[in-house]
Amino acid sequence: MFKKYLRNISMFFLCIFATFVYFKNDDVKKEAKATNIQTVIFKDQDETLIPVSVDIGVKDEIENNYRGIIETMKSTDYKEIGLYPLFNKKLELNALIIEPDQLTFDFTNHFPIKNDQQALDICEALSYLFCKDGITKINMKINGKAVSNFKNTTIPLSCMTAKLGINNFETSSFDLYQTSSVLVYNEKKISGKTYYIPTSTRIQSANQSIDQKVSLLLDHFDNSTKIETTKKSQLNDGILSIYLSSRILENDESINPILYQRLEKSFLSISNVSNVKIFIDNELIEEDKNCLLYTSDAADEA
């Protein structure tokens, strides 16, 4: 009787131990699968800047993330899918100074930049990626010395602010400083994958009404059916209300959720807009929360 009792006690503790080991191993597996997805920027064969979301493979901490993003943008691992590194493989980040409202990057002198457009690409990429969460300005140093522009170029590095935008078509100082940027999210296929590419449109923000800004943005928005408004757009307390024609539905009962999110992200790039309400024939359209738009941050992940 005693042996039977002892055997039952032993089995009980054995089961507890097995359960502990099982869940411990399960936790280890979960830790092993942990990823750190961040937005990085590559170029395609047309020299367009392509933001994509990738696992940068470092611990999720702010300085690790910044350094991991820069390191990933030197990678040639994505060439097979048409994405090329923005930075030279020899480029190193000597130091990174993080302040509440600005970042200072201190790089080695490995920027093989030949013209203003290549300089602007660097500025756009850094500002697009890092001007967020309160950061409004990016400063540049090379080997510890502050620089105002890259060698043999005229693009002022002081343009690296939250207002710069990405994939600008203008490189003159006037356009970069005297206008502001709104982003239009359009589609582009690269090696069979579809990406959503933010492209900056410069506007004279001081002289244009919110309705004019919306119209300008829609003029640059790619869609099989032209997107038209039915009445003036309104901006109140950060909420932008846009009234669109039912032609956008293209015989469907509801708006394509990807199109909705492309429109929403585009309108959110207008200054002082914090929320967007889209109406079709005066009916408020709700976003499909089950549909995730990675913007250009990889419609199909690399």
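Guide: Helices and strands are DSSP runs, of at least four residues for a helix and at least two for a strand, numbered from the N terminus. With that in mind, please note that the model above is predicted, and that it has six helices and 12 strands.

Visitor: Where does Asn152 lie?

Guide: Asn152 belongs to the loop that runs between strand E6 (145–146) and helix H4 (173–178). Its phi is positive, about 65°, although Asn152 is not a glycine.

Visitor: Is Asn152 buried or exposed?

Guide: Exposed means over 50% relative accessible area, and Asn152 is exposed because its value is 65%. A second residue to set beside it is Glu47, in the loop between strand E1 (37–43) and strand E2 (49–55), which is likewise not a glycine and has a positive phi of about 70°. Glu47, with a relative accessible area of 45%, is therefore partly exposed.

Visitor: What share of the residues of the protein count as buried?

Guide: Buried means under 20% relative accessible area, and of the 302 residues of the protein, 45% count as buried. Within helix H3 (residues 116–130), the helix is mostly covered, with 12 of its 15 residues buried; among them are Ala119, Leu120, Ile122, Cys123 and Ala125, together with Asp116, Asp121 and Glu124.

Visitor: How many residues does H3 have, and what does H3 reach from its first C-alpha to its last?

Guide: H3 has 15 residues and reaches 21 Å between those two C-alpha atoms, which is close to the 21 Å expected at 1.5 Å a residue. At the N-terminal end of H3, the cap is provided by Asn115, one of whose side-chain oxygens lies 3.1 Å from the backbone nitrogen of Gln117.

Visitor: At what angle do H2 and H3 pack?

Guide: Helix H2 (residues 62–72) packs with H3 at an angle of about 145°, and their axes are 12 Å apart. This crossing of H2 and H3 is right-handed. On the H2 side the contact is made by Tyr66, Ile69 and Ile70, and on the H3 side by Leu126, Leu129 and Phe130; by class, these are six nonpolar residues, with no polar and no charged residues in the contact. The three contacting residues of H3, namely Leu126, Leu129 and Phe130, are also buried.

Visitor: What joins parts of the chain that are apart in sequence?

Guide: Contact means heavy atoms within 4.5 Å, and among contacts in the protein between residues at least 6 apart in sequence, 62% join residues at least 24 apart. A pair to inspect on a shorter scale of the chain is Lys90 and Thr108, which are 18 residues apart in sequence and have C-alpha atoms 8.4 Å apart in space. Lys90 is in the loop between H2 and strand E3 (93–98), whereas Thr108 is in the loop between strand E4 (102–107) and H3.

Visitor: Which residues is Lys90 in contact with, leaving aside its neighbours within four places in sequence?

Guide: With those neighbours left aside, Lys90 is in contact with Thr108 and His110. Thr108, on the same basis, is in contact with Lys90, Leu91, Glu92, Asn94, Ile142 and Asn143.

Visitor: Why does Thr108 count as buried?

Guide: Thr108 counts as buried because its relative accessibility is 13%, while Lys90 counts as exposed because its relative accessibility is 53%.

Note on methods:
Residues numbered from 1 in each chain as written. Predicted model: local features only at pLDDT ≥ 70, side-chain atom pairs only at ≥ 80, totals over all residues. Heavy atoms only, no water. Axes fitted to C-alpha atoms, helices over the stretch in contact; angles between N-to-C directions. Left-handed = near helix turned anticlockwise from the far one by under 90°. Nonpolar A, V, L, I, M, F, W, Y, C, P; charged D, E, K, R; others polar. Expected span 1.5 Å × (residues − 1). Buried < 20%, exposed > 50% of the residue type's maximum accessible area, 1.4 Å probe, protein only. Polar contact = N/O pair within 3.5 Å; in protein donor to acceptor, adjacent residues only side chain to side chain.
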